[in-house]
Amino acid sequence: MTTEVPLAVLRQVAVDASEVTGADRQIIAAQLGRDPRGLVGIGARCHCGTPAVTITYPRLPDGSPFPTTFYLSLPWLVAEISRIESRGGMVPFNERLAVDAEYAAAHRRAHDSYVARRELLAEVPEVRDRSAGGLPDRVKCLHALAGFALAVGPGICPVGDEALALAGWDPEICRCSLHSGSTQKAEEN
């Protein structure tokens with residue numbers, strides 16, 4: 001099952017979305033260490049043009065529902081976010097969500113935005129109110145939230161924005177050459 005999504009729709013899902021080329025598909029397969037499933041677009045790219053975030057259709061080719069629309073794939077960024085997580089980096093976010101009502105409300109709005117963007121691709125009843133990364137109540141996966149933030153732009157997902165800053169992400173710098181030939185794989189959600 002191949003699902004085509006018009007570029008106009010992809011750009012409603014992710015601000016700088018682009019269509020997938022054959023070269024993109026090969027690069028993403030190398031990044032993930034497997035063929036991408038349900039790939040319908042690129043949500044964000046490294047400064048050099050390498051895919052950094054994929055857009056996944058909410059129903060995989062085998063028919064199973066898949067709530068993770070934005071998938072972080074750029075090896076350097078995956079590794080940096082993994083370092084943050086391995087050092088307990090999600091704890092401060094969860095602590096802040098528990099005591100800062102405004103921050104928690106912004107996190108809830110990020111969840112609502114995630115679901116609305118996914119529903120532009122397709123409505124899948126099995127995942128209707130689910131998003132990713134622990135949204136809307138907690139922080140479970142910084143990879144998912146950073147991928148979301150990178151794809152939709154600043155101000156939509158505050159936790160993702162902060163995770164990108166902690167990782168040292170700069171859209172004007174290519175980090176791909178730091179991992180050329182690397183076998184670093186994106187984490188499974």
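Tutor: Axes here are lines fitted to C-alpha atoms, for helices over the stretch in contact, and angles run from 0 to 180 degrees between N-to-C directions. This is a predicted model, where local features need pLDDT of at least 70, side-chain atom pairs count only at pLDDT 80 or more, and totals for chains, interfaces and linings use all residues. Residues are numbered from 1 along each chain as its sequence is written, and side-chain values use heavy atoms, with hydrogens and water left out.

Student: Cool. At what angle do H3 and H6 pack?

Tutor: Helix H3, residues 75-86, packs against H6 at about 135°, and their axes are 9 Å apart. That makes H3 oblique to H6 (under 35 degrees is roughly parallel, over 145 roughly antiparallel, 65 to 115 roughly perpendicular, the rest oblique). The helices (H or I, at least four residues) are DSSP runs, numbered from the N terminus.

Student: And which residues of H3 and H6 make the contact?

Tutor: On the H3 side, Leu77, Val78, Ile81, Ser82, Ile84 and Glu85. H6 brings Leu142, His143, Ala146 and Leu150. Contact means heavy atoms within 4.5 Å.

Student: What's the mix by class for H3 with H6?

Tutor: Seven nonpolar, two polar and one charged residues. Ala, Val, Leu, Ile, Met, Phe, Trp, Tyr, Cys and Pro count as nonpolar, Asp, Glu, Lys and Arg as charged, and the others, Gly among them, as polar.

Student: OK, over to H5. How do the axes of H5 and H6 cross?

Tutor: At roughly 70°, and the two axes come within 12 Å. Here H5 covers residues 101-121 and H6 covers residues 142-152. That makes H5 roughly perpendicular to H6.

Student: Which residues of H5 and H6 touch there?

Tutor: From H5 you get His107, Ala110, Ser113, Tyr114 and Arg117. From H6 the partners are Leu145, Phe148 and Val152. By class, this contact of H5 with H6 has five nonpolar, two polar and one charged residues.

Student: What about H4 and H5, how far apart are their axes?

Tutor: Those axes are 6 Å apart, and the packing angle is about 110°. H4 is residues 90-99. So H4 and H5 are roughly perpendicular to each other.

Student: Which residues are involved for H4 and H5?

Tutor: H4 puts in Phe93, Arg96, Leu97 and Val99. Facing them, H5 has Ala101, Tyr103, Ala104 and His107. Sorted by class, the H4 with H5 contact comes to six nonpolar, one polar and one charged residues. His107 turns up in this contact and in the one with H6.

Student: New topic, backbone this time. Is the peptide bond from Leu135 to Pro136 cis or trans?

Tutor: Cis, with omega near 5°. Worth a look if you're checking torsions.

Student: And where does Pro136 lie?

Tutor: Pro136 is in the loop between H5 and H6, the pair with axes that cross at roughly 70°.

Key: Helix = DSSP H or I, 4+ residues; strand = E, 2+ residues; numbered from the N terminus.
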